[in-house]
Amino acid sequence: MAMSKYDLTPLIAPNLDRHLVFPLFEFTQERQLYPNDQILKAKIELLNNTNMVDYAMDIHKSLYHTEDVPQVFVE
């Protein structure tokens with residue numbers, strides 16, 4: 001967590017295509033720079049308004065430890 005203050009992801013992510021941000025999130029998750037729940041929530045937010053619904057449902061299930069998903073993902 002102490003290394004997160006040196007992480008540039010929050011600064012450069014708004015300027016990148018969302019598909020380029022996913023590898024950055026994966027890297028920060030592997031390095032445990034931020035709490036896992038925080039990264040998973042950021043991934044779900046990034047997936048909003050995309051066609052990657054299956055991936056969003058998998059992340060939601062992992063984050064909330066449930067098989068239920070919001071109706072928005074189902075639609």
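**Exercise 1. Work out how much space lies in the largest pocket, and which residues lie nearest its centre.**

Solution. Keep in mind that this is a predicted model.

- Start with the volume: the largest pocket holds about 270 Å³ of space.
- Next, look at the wall. There are 17 lining residues, and T9, P10, A13, F25 and A42 are the ones nearest the centre.
- Now sort the lining by class: you should get 10 nonpolar, 3 polar and 4 charged residues.

**Exercise 2. Find which helices each supply at least two residues of that pocket's lining, and which gives the most.**

Solution.

- Go through the helices: α1 (9-12), α2 (18-30) and α3 each put at least two residues into the lining.
- Then pick the top contributor. That's α3, with 5 residues.

**Exercise 3. Stay with α3 and describe how its axis and that of α4 cross.**

Solution.

- Take helix α3 (residues 36-47) and helix α4 (residues 53-64): their axes come within 10 Å of each other, and the crossing angle is roughly 155°.
- Angles over 145 degrees count as roughly antiparallel, so that is how α3 runs relative to α4.
- Check the hand as well: α3 and α4 cross in a left-handed way.

**Exercise 4. List the residues that make the contact between α3 and α4, then sort them by class.**

Solution.

- On the α3 side, pick out D37, L40, K41, K43, I44 and L47.
- Across from them, α4 brings in Y55, A56, I59, H60, S62, L63 and Y64.
- Sorted by class, this contact comes to 8 nonpolar, 2 polar and 3 charged residues.

How values were computed
Residues numbered from 1 in each chain as written. Predicted model: local features only at pLDDT ≥ 70, side-chain atom pairs only at ≥ 80, totals over all residues. Heavy atoms only, no water. Axes fitted to C-alpha atoms, helices over the stretch in contact; angles between N-to-C directions. Helix = DSSP H or I, 4+ residues; strand = E, 2+ residues; numbered from the N terminus. Parallel < 35°, antiparallel > 145°, perpendicular 65-115°, else oblique. Left-handed = near helix turned anticlockwise from the far one by under 90°. Contact = heavy atoms within 4.5 Å. Nonpolar A, V, L, I, M, F, W, Y, C, P; charged D, E, K, R; others polar. 1 Å grid on protein atoms, 1.4 Å probe; cavity = no way out; pocket = protein on both sides within 12 Å on 5 of 7 lines; lining within 4 Å. Points joined across faces, edges and corners; volume = space filled by probe spheres on them.
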